[in-house]
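Work through the following exercises with the coordinates open, and compare each step with the solution given.

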Amino acid sequence: MRAVTARWLCAPAWLLALAVMPWWLGLPLLLAIAAVLLFAAERLEDYARALRLALRWGLPGVLFALQRGLGGDAFAWEMALLGALVGFTLLAGLEAWLDRGRRERVAQPELRDWPSLALAPIGPGAVVVELVPPQWMEGSWPDPRGGEVRWEGGRFVLADGVVVERVQPRASFSPDGRWFVACMSRGVVLLDREHGRSYRLRGWELCGWHDGPWFTRGTGPAMAWREVLGQR
């Protein structure tokens with residue numbers, strides 16, 4: 001507890017010191033700390049946390065000193081904000097690089113865990129889904145639930161009076177007639193006739209039917225409509 005209190009008391013004092021110090025002295029100091037972390041982090045592991053804290057708190061101090069050294073006018077503040085954008089981006093990249101080993105250790109189990117992992121059950125059993133390929137139709141054709149689907153220049157008019165607009169003259173019904181999918185230039189329009197809802201799915205393509213429509217995007221795997229609509 002005492003160490004934590006001391007650290008949080010020293011950090012603001014460090015920021016204030018760099019804010020008072022000329023920026024052309026504070027900036028090389030921060031660069032030196034970054035170089036130490038970059039090239040000697042393993043040898044100074046006991047001090048790495050304090051050095052990283054010095055960078056996080058020291059950068060605002062140097063930026064304040066920079067705008068003060070430039071006169072404190074609007075241009076000075078713009079340069080300070082630009083320095084903050086560049087500095088904190090580089091700082092985030094440095095910390096991500098320093099933490100790479102820690103992420104690898106978390107992601108990879110220890111060797112002694114492999115025997116137990118090999119004997120452990122591997123999730124639920126796989127389910128093979130066989131998709132019924134869509135039957136694409138153009139223009140006008142019979143509706144599976146009776147009547148006829150009509151193409152009227154830029155829109156489909158279903159037998160129950162539902163209109164699907166801003167689509168191309170290419171569409172498909174599910175085998176039971178509940179779902180209607182019409183193509184757009186980039187994506188599809190999905191109509192759930194049972195609940196009277198339509199969805200514009202940009203970038204998705206209909207790849208088949210199995211308990212509803214299944215879609216794919218680019219070279220990705222096929223996904224059921226519940227996953228695509230976020231209704232898992």
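A polar contact is a pair of N or O atoms within 3.5 Å, where, within protein, one must be able to donate a hydrogen and the other to accept it, and where residues adjacent in sequence count only if both atoms are side-chain atoms. This is a predicted model, in which local features need pLDDT of at least 70 and side-chain atom pairs count only at pLDDT 80 or more, while totals for chains, interfaces and linings use all residues. Residues are numbered from 1 along each chain as its sequence is written, and side-chain values use heavy atoms, with hydrogens and water left out.

**Exercise 1.** Describe the surroundings of Ser-172, starting from its place in the fold.

Solution.
- Step 1: Ser-172 belongs to strand β6, residues 170-173 (strands are DSSP runs of E with at least two residues, helices runs of H or I with at least four, numbered from the N terminus).
- Step 2: The relative accessibility of Ser-172 is 0%, and therefore Ser-172 counts as buried (buried means under 20% relative accessible area, exposed over 50%, partly exposed in between, with a 1.4 Å probe and protein chains only).
- Step 3: A polar atom of the Ser-172 side chain lies 3.2 Å from the backbone oxygen of Gln-135.
- Step 4: Leaving aside residues up to four places away in sequence, Ser-172 touches Pro-134, Gln-135, Trp-136, Trp-179, Phe-180, Val-181, Leu-206 and Trp-209 (contact means heavy atoms within 4.5 Å).

**Exercise 2.** Which parts of the chain does the salt bridge between Arg-155 and Glu-165 tie together?

Solution.
- Step 1: The structure holds eight salt bridges (a side-chain nitrogen of Lys or Arg within 4 Å of a carboxyl oxygen of Asp or Glu), and in one of them the side chains of Arg-155 and Glu-165 meet at 3.9 Å, N to O.
- Step 2: Arg-155 lies in strand β4 (residues 155-157) and Glu-165 in strand β5 (residues 163-165), so the pair ties together parts that are ten residues apart in sequence.
- Step 3: Arg-155 is partly exposed at 31% relative accessible area, and Glu-165 is partly exposed at 43%.

**Exercise 3.** Locate the partners of the salt bridge between Asp-160 and Arg-193, and state whether each is buried or partly exposed.

Solution.
- Step 1: The closest N and O atoms of Asp-160 and Arg-193 are 3.5 Å apart.
- Step 2: This pair links distant parts of the chain, 33 residues apart, with Asp-160 in the loop between β4 and β5 and Arg-193 in the loop between β8 (187-192) and β9 (197-202).
- Step 3: Asp-160 counts as partly exposed at 48% relative accessibility, whereas Arg-193 is buried, with a relative accessible area of 14%.
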